[in-house]
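Please look over the model below. The report that follows covers selected residues, sheets and helix pairs.

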Amino acid sequence: MAIEQIKMPQLGESVTEGTISKWLVSVGDKVNKYDPLAEVMTDKVNAEVPSSFTGVIKELIAGEGDTLAVGEIICTIEIEGGNAGEQKPVEQKTEAAVTAPADADQGNKARYSPAVLKISQEHGIDLTLVSGTGAGGRITRKDLLKLIESGTIPVAGQKVEAPQQPAAPAAKEAVQQPVSAPTQAVAPAVNIPVAPGDVEIPVTGIRKAIAANMLRSKHEAPHAWTMVEVDATNLVEYRNALKDEFKKKEGFNLTFFAFFVKAVAQALKEFPQINSMWAGDKIIQKKDINLSIAVATDDALFVPVIKNADEKTIKGIAREISELAVKVRTGKLRSEDMQGGTFTVNNTGSFGSVQSMGIINYPQAAILQVESIVKRPVVMNNGMIAVRDIVNLCMSLDHRVLDGLVCGRFLASVKEIIENTSKSNTSIY
């Protein structure tokens with residue numbers, strides 16, 4: 001017999017960690033290759049982790065609620081094959097992954113997870129002054145959360161012991177006790193008086209993940225905001241003349257949003273700087289134009305991606321919008337449907353908004369809010385007043401990557417495309 005490891009997979013380009021939301025197996029269970037082992041939640045998607053081997057579950061290293069960095073071991077599997085001589089190195093490898101070296105300070109310093117580093121930076125915690133309760137003295141997210149909640153954040157020259165868990169082997173403890181979700185460390189529990197009639201609503205795992213990603217975006221990306229007003233009268237007339245016949249022929253709706261997504265894709269080809277991401281010491285300008293679109297459910301927000309949107313017709317984009325929305329609302333959205341986005345277009349107008357400032361979908365450089373189309377009196381070039389269909393396009397940008405000049409030109413391009421949309425110069429096929 002030999003022992004093999006299952007590690008936290010990377011479920012997206014910018015995903016650095018995942019939370020075990022539910023184990024689908026127990027110790028001693030027989031599993032086949034590709035059988036689902038656990039449900040994992042990230043800030044972008046929920047997905048199942050499949051088994052890479054056929055064998056018997058030996059140990060669940062992580063517990064439900066635990067958040068682990070990509071590449072960390074979540075469980076081990078005993079598989080047939082190998083001999084006693086081969087088993088020892090594998091066991092040593094497993095032990096090395098969960099046990100700190102004898103020099104605790106050096107070991108912990110080398111094994112701080114991204115989440116632990118983030119919490120320590122946000123709260124000014126000197127990690128060299130903290131004794132962890134994890135395997136081999138490793139500092140865990142829960143250790144830091146308890147220090148923050150207790151108000152005993154260490155200062156120079158003062159060693160602080162993290163609050164101890166009930167005595168139990170470290171690995172087993174992780175399985176038996178739920179661990180605080182990552183965003184609780186960013187926003188510690190607040191004592192708010194609860195009056196009679198108040199309703200306490202538990203924060204779901206996906207809501208915590210959304211909160212963590214939004215907080216990261218606001219903390220890391222210096223947001224700026226700009227808006228243009230667009231006369232969409234010609235677009236409204238053109239789309240309304242086509243929508244009934246289109247629905248009868250194609251079987252799905254021709255929405256206004258499809259025209260805006262197509263216009264954004266065209267403008268991104270003209271201004272590729274907008275289609276970029278911040279990468280610390282460099283800016284990555286993406287070749288493919290993959291547009292993330294926000295789709296909401298009652299309690300969550302998902303951002304599936306329309307790949308190579310610039311190569312698709314308005315009809316093709318409308319079809320993808322319809323299909324992705326159905327996947328979201330029926331729980332059939334896959335992790336690959338959420339990956340690769342380079343710019344986000346959000347249809348805030350669908351619920352009547354006329355002006356909003358979106359939070360950038362990290363690590364993208366900008367997000368565009370398409371607001372509600374409303375009828376307004378407008379002074380025309382001849383001085384006459386006419387009722388026109390007007391829509392606001394609101395853009396949030398990462399000022400590390402983009403400046404107002406290029407964003408203004410980009411919005412002007414989108415505006416021109418929308419205002420010139422008509423039967424004579426715009427094909428939906």
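Glu 64 counts as partly exposed, because its relative accessibility is 38%, a value between the 20% and 50% cut-offs. The model is predicted. Glu 64 sits in the loop that links S6 to strand S7 (67–69). Along the chain, 44 residues separate Glu 64 from Ile 20. In space, the C-alpha atoms of Glu 64 and Ile 20 are 5.1 Å apart. The side chain of Glu 64 also reaches the backbone of Trp 23. A polar atom of that side chain lies 2.9 Å from the backbone nitrogen of Trp 23.

**The sheet with S2 and S7**

Which residue in S4 is the bridge partner of Trp 23? The partner is Ala 38. Strand S2 (residues 17–23) pairs with strand S4 (residues 36–41) in the antiparallel sense. Their pairing runs over 4 bridges. Both strands belong to an open sheet of 4 strands, ordered S5-S4-S2-S7. Pairing in this sheet is antiparallel. Its edge strands are strand S5 (46–50) and S7, each of which pairs on one side only. From one strand to the next, the twist averages 40 degrees.

**The sheet with S6 and S8**

Another open sheet of 4 strands has the order S1-S8-S6-S3. Here, too, the pairing is antiparallel. Strand S1 (2–7) and strand S3 (30–31) form the edges, each pairing on one side only. Strand S6 (residues 55–60) and strand S8 (residues 73–79) pair over 4 bridges, in the antiparallel sense. Within this pair, Val 56 of S6 stands opposite Glu 78 in S8.

**Helix packing around H9**

Two packed helices are described by the angle between their axes and by the distance between those axes. The table gives both values for two pairs that share H9.

| Helix pair | Angle between axes | Axis distance |
|---|---|---|
| H9 (residues 256–270) and H11 (residues 404–419) | about 135 degrees | 9 Å |
| H8 (residues 233–250) and H9 | roughly 125 degrees | within 10 Å |

Are H9 and H11 oblique or roughly antiparallel to each other? Their angle is about 135 degrees, and only angles over 145 degrees count as roughly antiparallel. H9 and H11 are therefore oblique. Their crossing is right-handed. On the H9 side, the contact is made by Phe 259, Phe 260, Ala 263, Val 264, Gln 266, Ala 267, Leu 268 and Glu 270. H11 contributes Phe 410, Ser 413, Val 414, Ile 417 and Ile 418.

H8 and H9 are likewise oblique to each other. The crossing of H8 and H9 is right-handed. H8 makes this contact through Leu 235, Val 236, Tyr 238, Arg 239 and Asn 240. H9 supplies Phe 256, Phe 259 and Phe 260. Phe 259 and Phe 260 of H9 thus appear in the contact with H11 and in the contact with H8.

**Ser 356**

Is Ser 356 buried or exposed? Ser 356 counts as buried, because its relative accessibility is 18%, and the cut-off is under 20%. Ser 356 is found in the loop between strand S18 (343–346) and strand S19 (366–370). The side chain of Ser 356 makes a polar contact of 3.0 Å with the side chain of Gln 369. Beyond neighbours within four places in sequence, Ser 356 is in contact with Trp 225, Thr 348, Gln 369, Glu 371 and Cys 394.

Technical notes
Residues are numbered from 1 along each chain as its sequence is written. This is a predicted model: local features need pLDDT of at least 70, side-chain atom pairs count only at pLDDT 80 or more; totals for chains, interfaces and linings use all residues. Side-chain values use heavy atoms; hydrogens and water are left out. Two strands pair if DSSP finds at least two bridges between them. Helices (H or I, at least four residues) and strands (E, at least two) are DSSP runs, numbered from the N terminus. Buried means under 20% relative accessible area, exposed over 50%, partly exposed in between (1.4 Å probe, protein chains only). A polar contact is a pair of N or O atoms within 3.5 Å; within protein, one must be able to donate a hydrogen and the other to accept it, and residues adjacent in sequence count only if both atoms are side-chain atoms. Contact means heavy atoms within 4.5 Å. Axes are lines fitted to C-alpha atoms, for helices over the stretch in contact, and angles run from 0 to 180 degrees between N-to-C directions. Angles under 35 degrees count as roughly parallel, over 145 as roughly antiparallel, 65 to 115 as roughly perpendicular and the rest as oblique. A crossing is left-handed if the near helix is turned anticlockwise from the far one by less than a right angle, and right-handed if clockwise.
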